Amino acid sequence: MSKILLLGSGELGKEFTIAAQRIGQTVIAVDSYENAPAMQVAHGFEVINMLDGEALDRIVAKHQPDFIVPEIEAIRTERFYDYEKQGYTVVPSAKAANFTMNRKAIRDLAAKELGLKTANYRYATSSEQLHKAVEEIGIPCVVKPLMSSSGKGQSTIKSPEDIEKAWNYAVEGSRGDVVEVIVEAFVKFNSEITLLTITQNNNPTLFCAPIGHRQERGDYQESWQPARISDKDLFEAQDMAEKVTEALGGAGLFGVEFFLADDGVYFSELSPRPHDTGMVTLAGTQNFNEFELHLRAILSLPIFEIKLEKAGASAVILASENSSNPTYEGIEKIAGLAKTDFRIFGKPTTRPYRRMAVALTNDSLDTPIEEVIERAKNAAQLVTVK
């Protein structure tokens, strides 16, 4: 059986570790704080600053893993190229982890090298450059740090007065040691989808049914599967997802995000790992959830098919205040609902808007998806986390 070094131990890492435990794999969970969710179900753990390359080198040498599996962006990913040279398998690949940690690398790969349709964009490394970029792109536009996750530092500029504020907010939300932003033209999109794309070592690329989602503060609030999309747009999204994942290399699950607009499909961004919107697959929508698919692709276990079995939705349950001893009120109310489930992540502390749990609903495939989403939202509102 394989030994997996999991870099990042949040709720996505926890579900991945559970999937790995079920088929006898060994997982060492790593994060910057003790008692992170995945550590609670792993065989062992390490607490380090993952932006410290020497600390990373130390634990890789100590554990000699068969697979190095990143779960977050804030890692000294440049070291991954060295690990590959030393014979370690980085998931999905050192190139994928490096390119996707930095929005500049992945956007230039998609737009310039692969010719995918994206929003018009510019980069800026100072407030002055941001003013110039906004002038060229036009208002409204979206500003994001090149290195960040979960919507941190992301804002929309609606008037010239917002530019300075957007720069300061982006700098605060930036991860890693790069202070640079991407400025994107506002795409008049009708909806956003995530296409979970599974690349395999010896088998063709597979796709899950598209997932729709709604965001607030740059973070997903609800996701649902299947999302409504025309056959033409789905084909276009799958074609783009296949091109970009092939260019990045390796085997594993990627969350590829797209905007659906009147004039077609726009590539937005990509994560080379299970996606937060993909937690909807924990509602039993598919024969394998996204974490099981990621694991099987990593281990080169053949995936015969991915079958959509139910319509489903997920809705996040957020903390309302700061606490070092989280409490959950209303769980018994969710437990009493039909075709509804929940996951509590086990994060040791709370802060306002921190994602602490998720409500999950499902129903038959002929049920209107809006009904399933509404049930998930209503279920999430029954729980208070303090």
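These are my notebook entries on a few spots I looked up in this structure, which is a predicted model.

**Entry: the domains**

I began with the overall division of the chain. The domain assignment gives domain 1 as 3–90, domain 2 as 120–185 and domain 3 as 191–385. I then looked up how far apart domain 1 and domain 2 sit, and their centres, taken over C-alpha atoms, are separated by 31 Å.

**Entry: D31**

Next I went to D31, which belongs to strand 2, residues 26–31. Is D31 buried or exposed? Its relative accessible area is 8%, so I noted D31 as buried, the cut-off being under 20%. Its side chain has a polar contact with the side chain of S32, at 3.4 Å. For the other contacts I set aside neighbours within four places in sequence, and D31 then meets G8, S9 and G10, as well as A36 and M39. The list for D31 also takes in E46, V47, I48 and M50.

**Entry: two positive phi values**

I stayed in this part of the chain to look at N35. It lies in the loop between strand 2 and strand 3, the latter being residues 44–47. The phi of N35 is positive, near 65°, and the residue is not a glycine. With a relative accessible area of 44%, N35 is partly exposed.

Q64 also caught my eye, with a positive phi near 45° in a residue other than glycine. I found Q64 in the loop that runs between helix 2 (53–63) and strand 4 (67–70).

**Entry: cis peptide bonds**

Where does P92 sit? I placed P92 in the loop between strand 5 (89–90) and helix 4 (94–101). The bond joining V91 to P92 is a cis peptide bond, with omega about -10°.

I wrote down another cis peptide bond between I139 and P140, where omega is about 5°. P140 is in the loop between helix 6 (127–137) and strand 7 (141–145).

**Entry: helix 4 and helix 5**

Why did I mark helix 4 as largely enclosed by the rest of the structure? Seven of its eight residues are buried, and that is the reason for my note. The buried residues of helix 4 are A94, A96, A97, N98, F99, T100 and M101.

I moved on to helix 5, residues 103–113. Here the buried residues are R103, I106, R107, D108, L109 and A110. What covers them? The cover includes helix 4, along with strand 6 (121–124), strand 7 and strand 9 (181–185). Helix 8 (231–248) and strand 15 (264–271) are also among the elements that cover the buried residues of helix 5.

I checked both ends of helix 5 as well. At the N-terminal end, N102 is the cap, with a side-chain oxygen 2.8 Å from the backbone nitrogen of K104. After the helix comes G115, with a positive phi near 70°.

**Entry: the second largest pocket**

I then turned to the second largest pocket, whose volume is about 240 Å³. There are 14 lining residues, and those closest to the centre of the pocket are Q221, E222, V316, A380 and Q381. The elements giving two or more residues to this lining are strand 12 (211–216), strand 13 (219–225), strand 16 (311–318) and helix 11 (369–380). Which element gives the largest share? I have strand 16 down for that, with four residues. Sorted by class, the lining of this pocket holds seven nonpolar, two polar and five charged residues.

**Entry: V280**

V280 is in the loop between strand 15 and helix 9 (290–298). Its relative accessibility is 0%, so I entered V280 as buried. Not counting residues up to four places away in sequence, V280 touches I211, S223, W224, Q225, T285, G312, A313 and S314. I also looked up its separation from P226: the two are 54 residues apart along the chain, and their C-alpha atoms are 9.9 Å apart.

**Entry: T349**

My last stop was T349, in the loop between strand 18 (340–344) and strand 19 (355–363). T349 is partly exposed, with a relative accessible area of 34%. Its contacts, leaving out residues up to four places away in sequence, are S323, S324, P326, R354 and M356. From T349 to T327 I have 22 residues in sequence and 10.0 Å in space, C-alpha to C-alpha.

Note on methods:
Residues are numbered from 1 along each chain as its sequence is written. This is a predicted model: local features need pLDDT of at least 70, side-chain atom pairs count only at pLDDT 80 or more; totals for chains, interfaces and linings use all residues. Side-chain values use heavy atoms; hydrogens and water are left out. Buried means under 20% relative accessible area, exposed over 50%, partly exposed in between (1.4 Å probe, protein chains only). A polar contact is a pair of N or O atoms within 3.5 Å; within protein, one must be able to donate a hydrogen and the other to accept it, and residues adjacent in sequence count only if both atoms are side-chain atoms. Contact means heavy atoms within 4.5 Å. Domain bounds come from an automatic or database domain assignment. On a 1 Å grid over the protein atoms alone, a cavity is a set of points where a 1.4 Å probe fits but cannot get out, and a pocket is an open set with protein on both sides within 12 Å along at least five of seven lines; lining residues have an atom within 4 Å of a point. Grid points are joined across faces, edges and corners, and a volume is the space filled by probe spheres set on the points. Ala, Val, Leu, Ile, Met, Phe, Trp, Tyr, Cys and Pro count as nonpolar, Asp, Glu, Lys and Arg as charged, and the others, Gly among them, as polar.
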